[in-house]
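Here is a short tour of one model, written for someone who likes to know the cut-offs behind each term. Please have the viewer open as you read.

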Amino acid sequence: MGEPKQVEAAAMVNQTDDQQIISGIIGEERENGVEEIDGKFSMKSFLWHGGSVYDAWFSCASNQVAQVLLTLPYSFSQMGMLSGVILQVFYGLMGSWTAYLISVLYVEYRSRREKEGVSFKNHVIQWFEVLDGLLGPYWKGIGLAFNCTFLLFGSVIQLIACASNIYYINDRLDKRTWTYIFGACCATTVFIPSFHNYRIWSFLGLGMTTYTAWYLTIAAFLHGQVPGVVHSGPKKLVLYFTGATNILYTFGGHAVTVEIMHAMWKPQKFKYIYLIATLYVFTLTIPSASAVYWAFGDELLTHSNAFSLLPRTGFRDAAVILMLIHQFITFGFACTPLYFVWEKVVGVHDTKSICLRAVARLPVVIPIWFLAIIFPFFGPINSAVGALLVSFTVYIIPTLAHMLTYRSAQARKNAAEKPPFFLPSWTAMYVFNAFIVIWVFVVGFGFGGWASMANFIKQVDTFGLFAKCYQCKPPPAPAPHH
């Protein structure tokens, strides 16, 4: 009787590596996730600790479209209605594909490390660590530089958007002063430990952008077309590619994909979440941008914020306030990976003290605050960031990393994730990935970089650095003395 028991015990111990990896991932993530304690429901856990597939979907959808919702009509005026719609779909699907590649590389990296007995308890895996583990320190350096710079300017853009939006409710203070105020408000995100803790914020954030998108759509149709409306776009190549890179930026919000995955209880389920989130985002971005462009046409060329052309009503004020709250949330989304990097640099990432981590994170906010005051160009800065940073961070680098990780037959054979059902051939994946690299490098970085920087320099020449109130109405002229 003893021998069968030994055989049974040995069989239980000798499970497959993949089963051990998956159980390890789930177990570690659930330590920080939503669990019932002795069968009792915890409201704190329900609101604060998220790690489900639904949490990841809300995080992706909420993070993908924020202030850019207000600049897409501006992009449509630069490139025309048809190109605007087509490129939204094109870049949305391309962004979903590269987010899928990032998720595959995360699972590959984690599975290899788990097999080596590495534990990630109290450690958040980040994109540059994935690149380091799969491709070496050179790729780690490239990933770290691009990712951190993009997230830095992504946070800057949210801060600029806060000042731009609140001005349409209260113009007694200029936009620069509002930037000071909201910089202090956004600094409170240092107290949010990780993406686990964005559960209620992600849910509310998506509700806020949904309201704003449909407010823009309905308000534009109710307003009707302005007298003599003109839809001349695309008029100039420089404007066309500036608008195109803003759309590239719109669907390049997956620089935080790895951190969102790591916050999941079952990260291997992430694969198609970003695509489903993108399909929902289409229902917000395409109708709203099309409706506002239809109503105002070329007037948008000098009004990068859609709120500036719509009449002030209670509904518009509600949309402004909701977008302000959402930009606070998105600021936290963009800054949290930067907080993690800085914690690792100063050696406090593994501590459980929220206060100690919050104090250590504060230096990250200061350069963001400063850059938002130097470059307050709401709209044009999106395109510049899209061309110069997003093109590499979330399109070219992940695609090249996937191609190089699985370049050998042995790596393809032992891959933790096989090609998807809709593209089951490794060769087809390689060809499609090569197309993305070439397209984004030539069109996104090349033409887009030229156009967006030309437009950005024009804003600097027109308004100057440290502009006190970008695109504000000039003060009324004093009454003549008689």
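A residue counts as buried under 20% relative accessible area, exposed over 50% and partly exposed in between, using a 1.4 Å probe and protein chains only. Helices are DSSP runs (H or I, at least four residues), numbered from the N terminus. Please keep in mind that this is a predicted model, in which local features need pLDDT of at least 70, side-chain atom pairs count only at pLDDT 80 or more, and totals for chains, interfaces and linings use all residues. Residues are numbered from 1 along each chain as its sequence is written, and side-chain values use heavy atoms, with hydrogens and water left out.

**Two enclosed helices**

Let us begin with helix H11, residues 237-250. Eleven of its 14 residues are buried, so H11 is largely enclosed by the rest of the structure. Among the buried ones are Leu 239, Phe 241, Asn 246 and Tyr 249. The expected span of a helix is 1.5 Å times one less than its number of residues. For H11 this gives 20 Å, and the end C-alpha atoms are 20 Å apart, which agrees.

Helix H16 (residues 380-405) has 26 residues and should span 38 Å; its end C-alpha atoms are 36 Å apart, in agreement. Where does H16 bend? The bend is at Val 390 and comes to about 55°, taken as the angle between axes fitted to the seven residues ending there and the seven starting there. H16 is also largely enclosed by the rest of the structure, because 23 of its 26 residues are buried.

**A nonpolar patch**

On the surface, Leu 237, Ile 438, Phe 441, Val 442, Phe 447 and Trp 450 make a nonpolar patch of about 620 Å². Patches are built from residues with over 30% relative accessible area and no salt bridge, joining like charges within 9 Å and nonpolar side chains (Val, Leu, Ile, Met, Phe, Trp, Tyr) within 5 Å. Areas come from the Shrake-Rupley method with a 1.4 Å probe. Helix H18 (residues 426-463) gives the largest share of the patch, five residues. Val 442 lies in H18 and is partly exposed, at 39% relative accessible area.

**Salt bridges**

A salt bridge here is a side-chain nitrogen of Lys or Arg within 4 Å of a carboxyl oxygen of Asp or Glu. The whole structure has eight of them, including these three:

| Pair | Closest N to O |
|---|---|
| Glu 116 and Arg 113 | 2.9 Å |
| Glu 129 and Lys 344 | 3.1 Å |
| Arg 357 and Glu 343 | 3.1 Å |

Glu 116 is exposed at 55% relative accessibility, while Arg 113 is partly exposed at 30%. Glu 129 in helix H7 (residues 127-135) and Lys 344 in helix H14 (residues 314-346) are 215 residues apart, so this pair links distant parts of the chain. Glu 129 is buried, at 13%, and Lys 344 is partly exposed, at 24%. Both Arg 357, at 12%, and Glu 343, at 0%, are buried. Glu 343, Arg 357 and Arg 361 are joined into one network by salt bridges that share partners.

**Cysteines**

How many disulfides are there? With a disulfide taken as a pair of cysteine sulfur atoms within 2.5 Å, the count is zero. The sulfur of Cys 162 has its closest cysteine sulfur in Cys 186, 4.7 Å away, which is too far for a bond. Cys 185 is in no disulfide either, and the nearest cysteine sulfur, that of Cys 186, is 6.7 Å away. Cys 162 is buried at 0% relative accessible area, whereas Cys 185 is partly exposed at 37%.

Definitions and conventions. Helix = DSSP H or I, 4+ residues; strand = E, 2+ residues; numbered from the N terminus.
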